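Subject: Structure for you to look at

Hi,

Here is the structure I promised to pass on. Have a look at it first, and then read my notes underneath.

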Amino acid sequence: MNNITFVLLLSKKRLTPLIKNPIAIIISMFQPLIFLVLFGTIFSSISSVSGFEESNYVSYILPGILIMNALFGGIYLGMSTLDDMREGIFNRYLIAPKNNLIFIIGDLVYIFTFQLIQSTLLVIIGYFMGFRLPMGIVSPILFLATPALFSCLIGSISIGIAVLTKKHSTMITVMQFFSFPLIFLSSAFMPSNLLPKYISILSKVNPVDWVVRASQSTFNHSPAINYYLLIVSCLVMAVFFCKFTYDVQRK
C-alpha cells in the first residue's frame, strides 16, 4: 500500500462517523453559527459607524467566524488522538513500519476536508444574511481554503499536546485558555482602527489575526502574501512539533 492510499484510508477512518451521521457536522459548528446569527443581527447597524468600510456587518464578520470555527475544530483534533490512545490504536501507529508524518498527514487531510465542508455550509447560511463570496475563481477557493489551512495548523499543535500530556483535562484547559482570547484579541469582529489601542497592538502578534486578515484580503483580489507565508511557516513548524512528539513516544 503506497503512502497516499494509506493517508486517504486514515482520513476516511475519521470521516466515516460523520458520513454515517451528517447532523454531527451541524452540531459541531453550533457555536460559530450562534455567533454569526447573534452578532450579525445585533450589530447589523454597525456598518453606519464612521471608519467601518463594509456595507454589511455579516460580510465583515463571516471570515472571522470561519476562522473561529477552524480554531475550535483544530483544537478538538487532539481529542481524537486521545481516544486513539485510550483504545490502543495509537500504539499500533507507533510500531507500524511507516513514517510518523503519514499518520499526522492523515489526520490533517481529515480536518482540512471537514473544515471545507463546514465553511461551505456557513457561507451558504451567510448568503441569506447578505454575505457574498469574492468574485472570480481563485479568490473564493482561497477564501474557503484559508480556515481549513488554519485548522491544520491548530490541529497539529493539538495532536502534539495530546501525545505529550495524554490527558483530556489538559486539552480542555488549553481550549478554554486560548480559544476565545485569541479570537477577541483580533480584528475578527471589529476593524483594528475601531479597537482599543492595546488590543490593536496585541492583534499584530496574534496568529488568529494573521489568518483573519489573510482571509479578508481575498475580497480585494490581492491576497496578503505576507500573512499566507506566516501561516504556512507556522504550519510547517507545527507539523514537525507534532512529529517530534510521536518520535518521543516511539522511543
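Below is what I found, going from one buried helix to its surroundings and then to the open and closed spaces. Keep in mind that this is a predicted model.

**Helix H10**

I'd start with H10, which covers residues 207-217. Of its 11 residues, 9 are buried, so the rest of the structure largely encloses this helix. The buried ones are Val-208, Asp-209, Trp-210, Val-211, Val-212, Ala-214, Ser-215, Gln-216 and Ser-217.

What covers them? The cover includes helix H4 (57-87), helix H7 (138-165), helix H8 (168-184), helix H9 (197-203) and helix H11 (225-250). The N-terminal end of H10 has a cap too: a side-chain oxygen of Asn-206 sits 3.0 Å from the backbone nitrogen of Val-208.

**Two residues of H7**

Helix H7, which is part of that cover, holds two residues worth clicking on. Thr-146 lies in H7, and with a relative accessibility of 2% it counts as buried, because the cut-off for that is under 20%. Setting aside neighbours within four places in sequence, Thr-146 is in contact with Val-211, Ser-215 and Tyr-228. Val-211 and Ser-215 are both among the buried residues of H10. With Tyr-228 there is also a polar contact between the side chains, at 2.8 Å.

Leu-142 is found in H7 as well. Is Leu-142 buried, or partly exposed? Its relative accessible area is 24%, so Leu-142 is partly exposed, given that buried means under 20% and exposed over 50%. Not counting residues up to four places away in sequence, Leu-142 touches Thr-218, Pro-223 and Tyr-228. Tyr-228 therefore turns up in the contacts of Leu-142 and of Thr-146, the latter being the buried one. If you want a sense of distance, Leu-142 and Ile-67 are 75 residues apart in sequence and 13 Å apart in space, C-alpha to C-alpha.

**What the UniProt record says**

An unreviewed UniProt entry places the feature "transmembrane region" at residues 21-46, 58-79, 100-129, 141-164, 171-190 and 225-246. I looked at two of these ranges in the model. Residues 58-79 are 100% helix and 0% strand, with the end C-alpha atoms 31 Å apart. Residues 141-164 are likewise 100% helix and 0% strand, and there the end C-alpha atoms are 35 Å apart.

**The largest pocket**

The largest pocket has a volume of about 540 Å³. Its lining is made of 25 residues, and Ser-28, Phe-72, Gly-73, Tyr-76 and Phe-114 lie nearest the centre. Which helix gives the largest share of that lining? That is H4, with 8 residues. Helix H1 (3-20), helix H2 (23-28), helix H3 (30-42), H4, helix H6 (100-127) and H8 each supply at least two. By class, the lining has 15 nonpolar, 9 polar and 1 charged residues.

**The cavity**

The model has 1 cavity of 30 Å³ or more, with about 30 Å³ of space inside. Leu-10, Lys-13, Arg-14, Tyr-93, Phe-103 and Asp-107 line it. H1 gives the most to this lining, with 3 residues, while H1 and H6 each supply at least two. The cavity lining divides into 3 nonpolar, no polar and 3 charged residues.

Cheers

Definitions and conventions:
Residues numbered from 1 in each chain as written. Predicted model: local features only at pLDDT ≥ 70, side-chain atom pairs only at ≥ 80, totals over all residues. Heavy atoms only, no water. Buried < 20%, exposed > 50% of the residue type's maximum accessible area, 1.4 Å probe, protein only. Helix = DSSP H or I, 4+ residues; strand = E, 2+ residues; numbered from the N terminus. Contact = heavy atoms within 4.5 Å. Polar contact = N/O pair within 3.5 Å; in protein donor to acceptor, adjacent residues only side chain to side chain. UniProt positions renumbered as here; feature names shortened; annotations may be inferred. 1 Å grid on protein atoms, 1.4 Å probe; cavity = no way out; pocket = protein on both sides within 12 Å on 5 of 7 lines; lining within 4 Å. Points joined across faces, edges and corners; volume = space filled by probe spheres on them. Nonpolar A, V, L, I, M, F, W, Y, C, P; charged D, E, K, R; others polar.
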